[in-house]
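Grab a coffee and work through these exercises with the structure open beside you. Try each task before you read its solution.

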Amino acid sequence: MDFQVIADNFTYFMIGSWPKGDLGGVALTIYLAVTSCLLSFIFGLLLGLLSVSRHRFISLPTMLVINLVRGVPLLMVIFWMYFLLPAFFGHGFPEIRTVIIALTCFTAAYMSQIVRAGVEGIPRGQLEAGTSTGLKHWQVMLYIVLPQGLRNMIPSFVNQFVSLIKDTSLAFIVGVSELTHVATQVNNRTMAYPTEIFLFIALVYFLLCYSFTSLSRWLEKRLSWRKSV
Amino acid sequence: MIQCKGVHKWFKDLHVLNDINLQVTKGEVLVVCGPSGSGKSTLIRTINKLEPINEGTIIVDGMDLADRKTDINKLRAEVGFVFQQFNLYPHLSVMNNITLAPRKIRKTPRREAEEQAMQLLARVGLAEKHAAYPSQLSGGQQQRVAIARALAMNPRIMLFDEPTSALDPEMIGEVLSVMQDLARSGMTMMVVTHEMGFAREVANRVIFMDAGTILEEAPPAQFFRTPQHDRARQFLNQLLTPMHGASTTAAA
């Protein structure tokens with residue numbers, strides 16, 4: 001084992017060829033994960049609420065789209081976007097944005113079902129209490145159901161985000177120079193150190209995911225409130 | 001204030017409300033009692049449309065519930081509802097539990113809403129608990145907060161669905177006395193309860209239900225002294241002398 005190859009390419013692993021060239025490596029992985037996470041949270045929330053709509057002509061089509069996306073491998077979604085978006089917009093589409101859109105679609109579909117479970121997990125009495133005071137349905141959702149539901153959803157959201165961090169590695173397939181892509185580049189260039197390189201990469205992914213899980217555990221404690229009996 | 005005419009409701013094959021006709025006038029306190037499964041809870045839940053009905057008409061405060069032009073949320077704001085399980089919002093303080101609806105529906109400014117909430121809390125004897133969370137309160141205290149929350153919209157009618165059934169015996173009194181004060185202040189009330197002491201002292205009229213129908217309707221004195229139906233007599237016997245019911249079972 002010779003870990004000199006890691007030391008030699010450390011900055012490249014971390015930030016790619018930035019600032020002279022494009023951002024890459026760990027920095028790009030984090031960028032992809034955080035951006036897709038924020039976007040998929042927003043769309044997941046939206047899709048989740050639509051899927052629990054009392055109107056069937058809203059909930060059924062929403063569920064159809066969600067199940068369609070969930071029934072397809074992520075790699076396939078990335079390919080879809082990669083070939084579809086340029087065709088749709090009539091010009092080339094930046095790979096990074098393509099991957100973010102694909103990750104967002106995929107993760108939002110899963111997030112929506114977390115939201116759905118969270119909303120449906122709130123006791124009926126809570127909805128009835130809000131309704132009986134004259135609040136409109138959306139107000140009951142906004143002020144009573146979601147604030148309680150979202151706190152219950154935090155652990156599942158964290159799981160999803162950790163998956164998302166790991167899923168960014170699939171971006172290498174369309175040539176986005178995130179951590180995995182950078183690793184294959186270095187591996188191809190140096191030829192002799194695949195074990196060292198990929199051990200290191202695995203460790204970096206682990207540290208990313210683990211530190212995030214720890215952070216969220218702390219967040220969960222801060223947001224928890226004593227449940228009424 | 002409340003008028004039900006020929007109300008029917010089915011859950012699948014079960015006929016839970018069978019030709020209900022009743023009337024509650026302004027300032028009146030109506031107690032609804034009956035064995036479990038008699039449809040009394042379902043009945044009170046139809047009054048603010050928590051449960052839809054299949055047939056008949058319900059008119060509350062001059063508004064027809066079935067009429068498409070009736071703004072059901074506006075009507076619900078005029079009708080306070082107190083649940084058996086309190087249903088306080090666990091993520092909000094007592095103060096915010098009470099002020100949520102006035103602030104969001106009536107757009108009452110926060111300070112004004114909080115002043116009113118403090119008055120209501122004083123009225124139910126819990127002024128010092130305004131900053132507490134529901135989980136920090138006893139069942140009786142939670143139910144009194146729930147009553148204050150229902151009163152915060154200045155309702156013209158109050159509905160109570162077994163408000164003391166989920167409470168420990170020593171907490172029932174505090175909730176009933178709040179309800180009694182409310183009745184004295186002239187509030188129109190419909191109360192589903194097994195508390196026959198409350199019915200005797202506070203109610204203007206008692207309704208006895210069984211199997212989805214109203215079997216008996218009378219002033220409390222008459223209802224308790226000379227119940228007309230066997231079913232009502234049985235029910236009262238079991239409720240007023242629980243040991244009697246137990247010993248007959250043991251003998252059998």
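**Exercise 1. Long-range contacts and overall build of chain A**

Task: Work out what share of the contacts in chain A with a separation of 6 or more comes from residues 24 or more positions apart.

Solution: This is a predicted model, so keep that in mind throughout. Take the contacts in chain A with a separation of 6 or more, then pick out those between residues 24 or more positions apart: they account for 73%. Next, look at what the chain is built from: 10 helices and zero strands. Reading along the sequence, you get α-α-α-α-α-α-α-α-α-α. The C-alpha trace of chain A spans about 70 × 45 × 30 Å along its principal axes. Finally, 44% of the 229 residues in chain A count as buried.

**Exercise 2. A helix pair in chain A**

Task: Decide whether H6(A) is oblique or roughly antiparallel to H8(A).

Solution: Two packed helices are described by the angle between their axes and the distance between the axes. Start with both values: the axes of H6(A) and H8(A), residues 137–167, come within 8 Å and cross at roughly 140°. Roughly antiparallel would need an angle over 145 degrees. H6(A) is therefore oblique to H8(A). As for handedness, the crossing of these two helices is right-handed.

Now check who touches whom. H6(A) contributes residues including Leu103(A), Phe106(A), Tyr110(A) and Ile114(A), while H8(A) brings, among them, Met141(A), Leu146(A), Phe157(A) and Asp167(A). Sorted by type, the residues of this contact come to 13 nonpolar, five polar and one charged.

**Exercise 3. Arg97(A)**

Task: Find out whether Arg97(A) is buried or exposed.

Solution: First place the residue: Arg97(A) lies in helix H6 of chain A, which runs over residues 95–120. Its relative accessibility is 52%, so Arg97(A) counts as exposed, given that the cut-off for exposed is over 50%. For a sense of place, Tyr82(A) is 15 residues from Arg97(A) in sequence and 9.7 Å away, C-alpha to C-alpha.

**Exercise 4. The nonpolar cores**

Task: Identify the helix that gives the largest share of the largest nonpolar core.

Solution: The core in question has 50 residues, and those with the most contacts inside it include Ile98(B), Met158(B), Phe160(B) and Phe223(B). Its largest share, eight residues, comes from helix H6 of chain B, residues 169–184. A second, separate core has 45 residues, among them Val140(A), Val145(A), Cys4(B) and Val79(B).

To zoom in, take Met158(B). Leaving aside neighbours within four places in sequence, Met158(B) is in contact with residues including Val82(B), Ile147(B), Leu182(B) and Met189(B).

Key. Residues numbered from 1 in each chain as written. Chains lettered and ligands numbered in written order. Predicted model: local features only at pLDDT ≥ 70, side-chain atom pairs only at ≥ 80, totals over all residues. Heavy atoms only, no water. Core = buried A, V, L, I, M, F, W, Y, C linked by side-chain atoms within 4.5 Å. Buried < 20%, exposed > 50% of the residue type's maximum accessible area, 1.4 Å probe, protein only. Helix = DSSP H or I, 4+ residues; strand = E, 2+ residues; numbered from the N terminus. Contact = heavy atoms within 4.5 Å. Axes fitted to C-alpha atoms, helices over the stretch in contact; angles between N-to-C directions. Parallel < 35°, antiparallel > 145°, perpendicular 65-115°, else oblique. Left-handed = near helix turned anticlockwise from the far one by under 90°. Nonpolar A, V, L, I, M, F, W, Y, C, P; charged D, E, K, R; others polar.
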